[in-house]
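Here is a briefing on one protein chain. Please look over the sequence and the model first, then go through the points by topic.

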Amino acid sequence: MITRQLKEIAIKEVQLHDTYNDIWIILFNRVYDVTAFLHEHPGGYEVLLEYAGRDASLAFLGAGHDSVPMASLQNYLVGILPESEHLNLPFPDWNNRLKEFES
């Protein structure tokens, strides 16, 4: 099996994408460009704007997204945080579930 190499994207770069027309968020140390998903988000676009350019992992889980299809997240994946910037989140099951779709 060939593993897909994800581009490393620093938090500083993610923070630049925090406007209505350009929204990146971090979920479980992965970076997603959700600009195209803005008006499709079932919870409304405001919640995505609130976390634009920032980590949204806890809000993601708090909203009950534990059954979100992993394949749908991959449509927006643009990279991963450098290991030195990884957030120590206590969700190894999510990290493992996401890794399955990065292959």
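**Nonpolar cores**

The largest nonpolar core has 16 residues, and those touching the most other members are Ile23, Ile25, Leu27, Tyr32 and Val34. At least two residues of this core come from each of β2 (22-27) and β4 (77-80). The top contributor is β2, with three residues. The model is predicted.

- A second core stands separate from the largest one. It has six residues, including Ile9, Trp24, Val31 and Leu81.
- As a general point, nonpolar side chains in soluble globular proteins tend to be buried together.
- Also in general, side chains along a regular strand alternate between the two faces of the sheet.

**Chain overview**

- The protein chain contains five helices and four strands.
- Read from the N terminus, the order of elements is α-β-β-β-α-α-α-β-α.
- The protein chain has 103 residues, and 38% of them count as buried.
- Take the contacts between residues at least 6 apart in sequence: 74% of these join residues at least 24 apart.
- The exposed area of the protein chain is about 6200 Å². Carbon and sulfur atoms account for 54% of that area.

**The sheet, strand by strand**

- Four strands make an open sheet with antiparallel pairing. Their order in the sheet is β1-β2-β3-β4.
- At the edges sit β1 (18-19) and β4, and each pairs on one side only.
- Two bridges pair β1 with β2 in the antiparallel sense. Asp18 is positioned opposite Ile23 in β2. Ile23 is also one of the core residues that touch the most other members.
- β2 and β3 run antiparallel and are joined by four bridges. Ile26 has Val31 in β3 as its bridge partner. Val31 belongs to the second core as well.
- β3 and β4 are antiparallel too, with three bridges joining them. Here Arg30 has Ile80 in β4 as its bridge partner.

**The hairpin turn and Phe28**

- The strands β2 and β3 form a hairpin, with two residues between them.
- Where does Phe28 lie? Phe28 is in the loop between β2 and β3.
- In this turn, Phe28 has a positive phi of about 55°.
- Is Phe28 buried or exposed? Phe28 counts as buried, because its relative accessibility is 1% and the cut-off for buried is under 20%.
- Phe28 and Ile80 are 52 residues apart in sequence. In space, their C-alpha atoms are 9.0 Å apart. Ile80 is the β4 residue that bridges to Arg30.

**The aromatic pair**

- How many aromatic pairs does the count give? The count comes to one.
- Phe37 and Tyr76 form this pair, and its geometry is tilted. The ring centres are 5.5 Å apart, with 50° between the planes.
- The pair counts as tilted because 50° between the planes is neither under 30 degrees, as for stacked, nor over 60, as for edge-to-face.
- Distant parts of the chain are linked by this pair, with 39 residues separating Phe37 from Tyr76.
- Phe37 lies in the loop between β3 (30-33) and α2 (45-50). Tyr76 lies in the loop between α4 (70-74) and β4.

Terms used: Residues are numbered from 1 along each chain as its sequence is written. This is a predicted model: local features need pLDDT of at least 70, side-chain atom pairs count only at pLDDT 80 or more; totals for chains, interfaces and linings use all residues. Side-chain values use heavy atoms; hydrogens and water are left out. A nonpolar core is a set of buried Ala, Val, Leu, Ile, Met, Phe, Trp, Tyr and Cys residues joined through side-chain atoms within 4.5 Å. Buried means under 20% relative accessible area, exposed over 50%, partly exposed in between (1.4 Å probe, protein chains only). Contact means heavy atoms within 4.5 Å. Accessible areas come from the Shrake-Rupley method with a 1.4 Å probe; for residues, only the protein chains shown count as cover. Rings of Phe, Tyr and Trp (its six-membered ring) pair if their centres lie within 6.5 Å; planes under 30 degrees apart count as stacked, over 60 as edge-to-face and the rest as tilted. Two strands pair if DSSP finds at least two bridges between them.
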